[in-house]
Amino acid sequence: MNRFSQTLALFTSCISLASSADEELWPLQKFQSSSIQTPIMNVTKMGQTEPGFLFLSPHDIIRKTGYPTIYSDDGQLVWQGPSGNYSALQPQMLNSEPVIAYWSGDLSSGFGFGGITIVNNSYDEIHRVTLDCKAENFVTIYDSMEFASCIDIHESEITDKGTILVTAVNVTQADLSTIGGPKDGWIQDALVYEIDIKTNEILFRWSAYEHIDQVPLRDVRAPLMGSGSNKTDPYGYPHLNSIHKYGDSYLVSSRYMCSLFFIASNGSVTWHLHGLTGGDFELGVGASFCYQHDAHFKSQSDDRVTISLHNNENSDFTDKTSLTTGIVLDVELHGSKQVTLKSRMWDAAEPVYARSQGSYQSLGNGHVLQQHGATPKIEEYNENGTIVMRARFGYDETMQTYRTYRYPWVGRPATKPNVTACLDRESGNSAVYVSWNGATDVESWKVYSGTVVKQTAVRNGFETTILVDGPTSGDSVVVEAVGGVGNGVRSESATVGPC
């Protein structure tokens, strides 16, 4: 039995499963003081990791539930938001203040219709960014359903100008005869928007289909497989999955075209890097990629860019036998136009073959955080490319998250700590359970019975259990936070009941 199996066995011996009869269900943490249930985050560290919490939005495919969440990298839950459909969750800065942005809304197959919620470090919504479907003349796959907002699931990047970059999918009629489809076919035209967060004003719009001469159908690697003949099953052209702004231009990743496009502010494509053919460039040894996610510039100059990305190399329509890696490429913009592989990283002991989603985040000190989407595994590598952390939060194909980020965070929940208490008649002690969803820096807890401090205990994870000698059934207890930004905040009174 390996270390992961041993640890999981320990967890499952003391934490109930949602359904013991179904072995495909990943075990959940449950708590006495809160109704929250969250996937166990199984963490193994082999070295020093960078500071910060882990931000992700686990979606349980079998239980059909998902939440925006924060974990500490010892596997403890820090915060869980409300249940729903979530994607593109990432912690960022807005007007010099830390925020979390995430998409929520209605899901379709590979895209969605919704808006971007931005919450502050008290987890209060401060902005809801939307895209008016009717004003933008959107067509969806649904005849009888209208949406309040048509932002897609794939991006929520905040710029230093107080704007946000998002994707959208508009079902559009198109000639598919050049790739073996109908002349009067239908596609998922992918759009890029830059929107002012405060006003919802659209500052930039770009459509792939409106630039089909530079974003050609022939470069799409997704087979038709019968799609494209009607608007309820449009062909997946070109499936954009990340946008990042550099100066006045935009780096856009197209998963199904295995391509990166650098788009000028006037909408023209400045250059095109195709992961299999090179596009405008020459691919060096090992520099190919396909079905990629989360492309960023690590550095940029007039002559060269260095690009990082999560290289899936698998999809729903491939045999899923290609190794998923994180890669860094040097791209010469002039002269030789050579693309050179600078680094490639993967977990040789536990390799991944991810069919969708994923992220690559450059951390401090040369560290990298990589997450594998449909394969619910997180990895951190040090500056030498050596893996220093593995984390699992589900079984393959049953749990997933679009991306994961590591980020510093101080949570200031506007709520009070949650407390429940019960009397163990055999020992005569009361067990007090306390948690505070979203609090990050509580040092310890004080338990009061009346005005008397009955016990002080060091905070121990999301929920701390404190054994107290004194209060009996029917008595009341109050718990007070010690340390951190919530120092002195008290819970409501909890009555001691039977255990």
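# A tour of the pockets, the cavity and one loop residue

By class, the lining of the second largest pocket has 8 nonpolar, 9 polar and 7 charged residues. That is our starting point. Keep in mind that this is a predicted model.

**Stop 1: the second largest pocket**

How much volume does the second largest pocket have? The figure is about 500 Å³. Now select E157, I158, H244, Y246 and H296. Out of 24 lining residues, these are the closest to the centre of this pocket. Show them as sticks.

Next, colour the strands around them. Strand 9, strand 13 (157–158) and strand 17 (240–246) are among the elements that each supply at least two residues of this lining. Strand 22 (293–300), strand 26 (359–362) and strand 31 (404–407) each do so as well. Remember strand 31. We come back to it at the last stop.

**Stop 2: the largest pocket**

Move on to the largest pocket. It holds about 1,000 Å³ of space. Which residues lie closest to its centre? Select S109, G110, F111, Y256 and D316 to see them. They belong to a lining of 39 residues. Two elements give two or more residues to this lining: strand 9 (86–94) and strand 10 (97–107). Strand 9 should already be coloured, as it also supplies at least two residues to the lining of the second largest pocket.

Try colouring this lining by class. You should find 16 nonpolar, 19 polar and 4 charged residues.

**Stop 3: the cavity**

Now look for an enclosed space. How many cavities of 30 Å³ or more does the structure hold? There is 1. The space in this largest cavity is about 70 Å³. Select D152, V169, Q188, H239 and L240. Of the 14 residues in the cavity lining, these are the closest to the centre. Then select strand 14 (163–174) and strand 15 (185–196), the elements that give two or more residues to the cavity lining. Strand 14 gives the most, with 3 residues. By class, the cavity lining has 7 nonpolar residues, 6 polar ones and 1 charged one.

**Stop 4: the whole chain**

Zoom out and switch to a cartoon view. Count the elements: the chain has 38 strands and 1 helix. Why can the chain be called as compact as a globular protein of its length? Its radius of gyration is 25 Å, and the globule rule gives 23 Å for 499 residues; the two values are close, so the description fits.

Turn the model around. The C-alpha atoms fill a box of roughly 80 × 50 × 45 Å along the principal axes. Switch on the surface next. The accessible surface is about 20,600 Å², and 46% of this belongs to carbon and sulfur atoms. Buried residues make up 57% of the 499 in the chain. Now think about contacts with a separation of 6 or more: 54% of them join residues 24 or more positions apart.

**Stop 5: V410**

Finish with one residue. Select V410, in the loop between strand 31 and strand 32 (418–423). Is V410 buried, partly exposed or exposed? Its relative accessibility is 37%, so V410 counts as partly exposed; that class runs between the cut-offs of 20% and 50%.

Select its partners too. Leaving out residues up to four places away in sequence, V410 touches N121, T440, D441 and V485. Last, draw a distance line from the C-alpha atom of V410 to that of A439. It should read 7.5 Å, although the two residues are 29 apart along the chain.

Note on methods
Residues are numbered from 1 along each chain as its sequence is written. This is a predicted model: local features need pLDDT of at least 70, side-chain atom pairs count only at pLDDT 80 or more; totals for chains, interfaces and linings use all residues. Side-chain values use heavy atoms; hydrogens and water are left out. On a 1 Å grid over the protein atoms alone, a cavity is a set of points where a 1.4 Å probe fits but cannot get out, and a pocket is an open set with protein on both sides within 12 Å along at least five of seven lines; lining residues have an atom within 4 Å of a point. Grid points are joined across faces, edges and corners, and a volume is the space filled by probe spheres set on the points. Helices (H or I, at least four residues) and strands (E, at least two) are DSSP runs, numbered from the N terminus. Ala, Val, Leu, Ile, Met, Phe, Trp, Tyr, Cys and Pro count as nonpolar, Asp, Glu, Lys and Arg as charged, and the others, Gly among them, as polar. The radius of gyration is taken over C-alpha atoms; the globule rule is 2.2 Å times the number of residues to the power 0.38. Buried means under 20% relative accessible area, exposed over 50%, partly exposed in between (1.4 Å probe, protein chains only). Contact means heavy atoms within 4.5 Å. Accessible areas come from the Shrake-Rupley method with a 1.4 Å probe; for residues, only the protein chains shown count as cover.
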